[in-house]
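Got the viewer open? Let's walk through this one stop by stop, selecting as we go.

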Amino acid sequence: MRRRRRRRRPPEMAGTGGGSVCFSLEFLNYNHLCLQPPKLTLQLVEGYFKVVFYFWPEAALAARWYSHGKQETDEEFDARWVTYFNKPDIDAWELRKGMNTLIGYDLVPEPNIIDAALRACRRLNDLASAIRILEAVKDKAGPHKEIYPYVIQELRPTLTELGIPTPEEIGLDKL
């Protein structure tokens, strides 16, 4: 019977009864970053696990992040959103999803986009969403106090035609 030879442990691990476990986090996709996957090493030292995380910063510095897509102009952006809100079969969920996405951008929507969204609210008979859209536009204007009055001035004919009051007209600004 052949006897197995025991490995000697390094001095820092003597008497711990454990070894090193090394594995890589290959389930993450690092291909788009042009990086190697990071390595995580767990070492048992004096009864405690020591976590060592290896990353290759020189590879991160070599990666360049370019946008390869076509840039959308402001007119194309506006036309895309007007077309979205002018869909005849838009439902309440699509309206809310579109407004949530639009408000998530770092911009105040143009009056023609808001006009299309308000008309979609009228087609759905959803006054609450229409008022909420106006509140969101006021919130997006933030500290620039001249933007919201300009938007309301541009939307005044549409608001009158559709019978939609502004949040200030129904007292929501006082709450």
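Accessible areas here come from the Shrake-Rupley method with a 1.4 Å probe. On that basis the protein chain exposes about 13100 Å², with carbon and sulfur atoms supplying 54% of it. Keep in mind that you're looking at a predicted model.

**The whole chain**

Start with a cartoon of everything. You should find six helices and three strands in the protein chain. Follow the sequence and the order is β-β-β-α-α-α-α-α-α. Of the 175 residues in the chain, 31% are buried. If you put up a contact map, take contacts with a separation of 6 or more: residues 24 or more positions apart account for 49% of them.

**α2 against α3**

Now select residues 74-85, which are helix α2, together with α3. The two pack at an angle of about 160°, and their axes are 10 Å apart. That angle makes α2 roughly antiparallel to α3, and the crossing is left-handed. Turn on side chains: on the α2 side you want Phe77, Trp81, Tyr84 and Phe85, and they meet Glu94, Leu95, Lys97, Gly98, Met99, Thr101 and Leu102 in α3. Colour this contact by class and you get seven nonpolar, two polar and two charged residues.

**α3 against α4**

Keep α3 (residues 92-104) and bring in α4. Again the packing angle is about 160°, this time with the axes 11 Å apart. So α3 runs roughly antiparallel to α4. Their crossing is left-handed. For the contact itself, show Leu95, Met99 and Leu102 from α3 and Ile113, Ala117, Ala120 and Cys121 from α4. What classes do the residues in the contact of α3 with α4 fall into? Seven are nonpolar, with no polar and no charged ones.

**A stop at Ala116**

While α4 is on screen, pick Ala116, which sits in that helix. Buried or exposed? Ala116 is buried, because its relative accessibility is 3% and the cut-off for buried is under 20%. Leaving out residues up to four places away in sequence, Ala116 touches Val82, Phe85 and Asn86. Draw a distance from Ala116 to Asn86: these two are 30 residues apart along the chain, yet their C-alpha atoms are separated by 6.0 Å. Phe85 may ring a bell, since it also turned up among the α2 residues that meet α3.

**The loop with Asn125**

Move on to the loop between α4 (111-123) and α5, and click on Asn125. Check its backbone torsions: Asn125 isn't a glycine, but its phi is positive, about 55°. Most residues other than glycine have a negative phi. Switch to a surface view and Asn125 counts as exposed, with a relative accessible area of 58%.

**α5 against α6**

Next, select residues 127-141 for α5 and 147-162 for α6. How far apart are their axes? They are 9 Å apart, and the helices pack at an angle of about 160°. α5 and α6 are therefore roughly antiparallel to each other. Here α5 passes α6 in a right-handed crossing, whereas the crossing of α3 and α4 was left-handed. Show Leu134, Val137, Lys138 and Ala141 on α5, and then what they meet on α6: Ile147, Tyr148, Val151, Ile152, Leu155 and Leu159. The contact divides into nine nonpolar residues, no polar and one charged.

**Lys138 up close**

Zoom in on Lys138 in α5. Lys138 is partly exposed, at a relative accessible area of 36%. Apart from residues up to four places away in sequence, Lys138 touches Tyr148, Glu168 and Asp173. Tyr148 is one of the α6 residues from the helix contact. One more distance to draw: Lys138 to Val108, 30 residues apart in sequence and 8.8 Å apart C-alpha to C-alpha.

**Last stop: Thr158**

Finish in helix α6 with Thr158. Thr158 counts as buried, at 7% relative accessibility. Which residues does Thr158 touch, not counting those up to four places away in sequence? Show Asp115 and Arg119 to see them.

Note on methods: Residues numbered from 1 in each chain as written. Predicted model: local features only at pLDDT ≥ 70, side-chain atom pairs only at ≥ 80, totals over all residues. Heavy atoms only, no water. Axes fitted to C-alpha atoms, helices over the stretch in contact; angles between N-to-C directions. Helix = DSSP H or I, 4+ residues; strand = E, 2+ residues; numbered from the N terminus. Parallel < 35°, antiparallel > 145°, perpendicular 65-115°, else oblique. Left-handed = near helix turned anticlockwise from the far one by under 90°. Contact = heavy atoms within 4.5 Å. Nonpolar A, V, L, I, M, F, W, Y, C, P; charged D, E, K, R; others polar. Buried < 20%, exposed > 50% of the residue type's maximum accessible area, 1.4 Å probe, protein only.
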